[in-house]
Amino acid sequence: MKITGIKHVSGFDVARPVSIGMMLGIMLPLVLLPLLSIFVYGFGKGPGAFVSSLVAPEAVFALKLSMATSFWATVFNVVFGLFAAYVLSRYDFWGRNAVIVTISLPTAIPTAVAGFALLLLWGRYGMIGKYLSERQQIMFTPYAIILANIFVTFPLAFGVIKPVFDTMSRSLEEASATIGATRWQTFWHVTLPSLRGAIVSGALLTFARAVGEFGSTILVSGNLAGRTQTAPLYIFAKFNEGQIEAANAIAIVLALLSFVIFSVLFFARDWLEFAQEA
Amino acid sequence: MKAQMAIAPDRDPHVSWPPDRSSGVAASVRGISKRFKKSRVLEDISFDVAEGESLVLLGASGSGKTTILRIIAGLEQPDSGRVILHGKDVTDLPARERGVGVIFQAYALFPRMTVEKNIAYGLRIRHRPRKEKRETVDRLIKLVQLEQHRKKYPWQLSGGQQQRVAIARTLAYKPQVLLFDEPFGALDAQTRVHLRREIRALLRQVRVPSIFITHDQEEALELGDRIAVLNDGHLEQVGTPDEVYNHPATEYVATFLGAANLLLGVAARGAVEIGTARLPAEKETRRFRDGQSVKLVFRPEDVRISQDANLPEGCRRLTNGVIEEVNFVGAYERLTVRLDLTHRKGDTDALYQVTINTPEKMTGVPIIVTRPKPEANALRFKIGDRVAIGLTSFSVLPNYTLARQR
């Protein structure tokens, strides 16, 4: 769709540059300048300083840990989200709406509360944790970070996949059944390909959110450098220690990563859903 | 019955398809009834489809025709009754084990698969060898004339092309019966007529018994070897296009298929008496007792009019009338004629009912008459002319209107 301005009189439209300028003027100090500042600061002392902060063993470990924990949380939540969306849109049962609301609940819960709740359940004196032996303890290990990530990103993939399920024409699945396919074949060959776009978007959203998770992670991980310190925790720790360059290098990496993910989400949507128009 | 699903590539599929059976009945529906919540959707429906035959289920929307189709396909369970395909009771089998081909209203092509992948789907899920898949796809894609489009996706095809893919996709696994759900509903009028002929020709080639669903009477007359007229969940009549059109069994059939004039009368001494007029109908009134209330049903094109009381041979005189309206409607002329009919003493009901393309009913004396163009040109009438009126063909039906208002 082509956007054309509202012209009240012929000639130069004053409202156009003024309103665009105002919008950018508001965004500049609130969003653009803070982002810009990490890049300005990061490269201020030359690329050498940046690279050396980046390859510091603790920094590399924090980044790797963030990627790994976010990856597994994403895998779990996409698979579970797909399954839950299938069940909740294909079967009607008593309490279905209550389940839908519950699945979406973690969005509204402060992340610190989520971390605290996990501690109460899994911690050494928690409801489940007290039955685990010393060696089986989950809290303050990378598994705790995955659990926290799963909790806070729980509804994201589900939320993207469910509407696609709901609007998907039943006749595709019915056609597949009359042709002779089993339920599993229908799901694999017909349903799943139609969900490709939703699955990729859901996964990217979940991953982006998990990589940046701070509030719940700091509570359940113990923030042990080189053991359970994720990238956002590393930024926080280094900043507290006064090592601004070290914190800043990781900040740049995280900012770039989210920038890439959101660009993919934004521009690849059409490609991912190209056949939906038919 | 297993042979149904097995693919025999060595035989010419267009000749031996489906396997000939001595019984001659390909599909049979026995006493199907179905309710949704409180409303009755189908009421004791029974009909057969012969080998190689095409049957059209014709009915208004909400008459239950789609439900019948879904029950045959196994997408819906009947409350009672059986579905029998080639002698085997399939009522309790799931859709995928019935070997039925459904062409859905919006075709339901798989959007992420190309034309050839769509067509090969039935063989793919049956794990048929690659060579067989390729040969089947080649043959069918040629049959439906989509050779240049084999690598395209459904959204790149026109409606008619999509429909052909949908047909080829079902033919690939040799269905026992093809079910078409309002196959032309989504297309414009011109494409519709064109595709109808194409499908008819295609079905003649592959000889798969077919059931069509439609609400379009013209479509039904053209596509069906036989037509089953459905009204409000029950079958009104099953018969050839000629039977249902020229000898409608019920008022609903008469008015749903084309236009019909309806007059209320009484059967009496080998004739139908309408007020003071008397139409000789020895054969047609035989099944009624004297004095029984009947309906005289005749089509506008079966009316003959003449200014000099000399009606053509084989035409039975009804009464006289006055031309009230003359319209040229393209291919033919349409006249409204007001009949000279008067009540007999003691008659209380309205005498006349004219129905033009249901459901609007107008009560009154006028009837509709149509004449082909040459006849209209040869003998012109003007408003106010007095004419004699005769009928070449008509049906006499019992008058149930008092018992059940439809």
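## Strand 11 of chain B

In this predicted model, strand 11 of chain B, which covers residues 260-268, is mostly covered, since 7 of its 9 residues are buried. As background to reading such an element, the side chains of a regular strand alternate between the two faces of the sheet.

## The partners of strand 11

Strand 11 of chain B runs antiparallel to strand 14 of chain B, residues 293-298, and 6 bridges join the two. One place to look for this pairing in the structure is B:V266, whose bridge partner in strand 14 of chain B is B:S293.

Strand 11 of chain B is also joined, by 3 bridges, to strand 12 of chain B, residues 271-274, and these two strands likewise run antiparallel. Here B:A267 has B:V272 of strand 12 of chain B as its bridge partner. Strands 11 and 12 of chain B form a hairpin with 2 residues between them, and in the turn B:R269 has a positive phi of about 45°.

## The fold of chain A

Chain A contains 13 helices and 0 strands, so that its pattern, read along the sequence, is α-α-α-α-α-α-α-α-α-α-α-α-α. Its radius of gyration is 23 Å, well over the 19 Å that the globule rule gives for 278 residues, and chain A is therefore more spread out than a compact globule. Taken along the principal axes, the box filled by the C-alpha atoms of chain A is roughly 80 × 65 × 30 Å.

## Burial and contacts in chain A

Of the 278 residues of chain A, 32% count as buried. When contacts in chain A between residues at least 6 apart in sequence are considered, 75% of them join residues at least 24 apart.

Notes. Residues numbered from 1 in each chain as written. Chains lettered and ligands numbered in written order. Predicted model: local features only at pLDDT ≥ 70, side-chain atom pairs only at ≥ 80, totals over all residues. Helix = DSSP H or I, 4+ residues; strand = E, 2+ residues; numbered from the N terminus. Rg over C-alpha atoms; globule rule 2.2 N^0.38 Å. Buried ≥ 20, exposed ≤ 12 C-beta atoms within 10 Å, placed from the backbone. Contact = placed C-beta atoms within 7 Å. Pairing = 2+ DSSP bridges.
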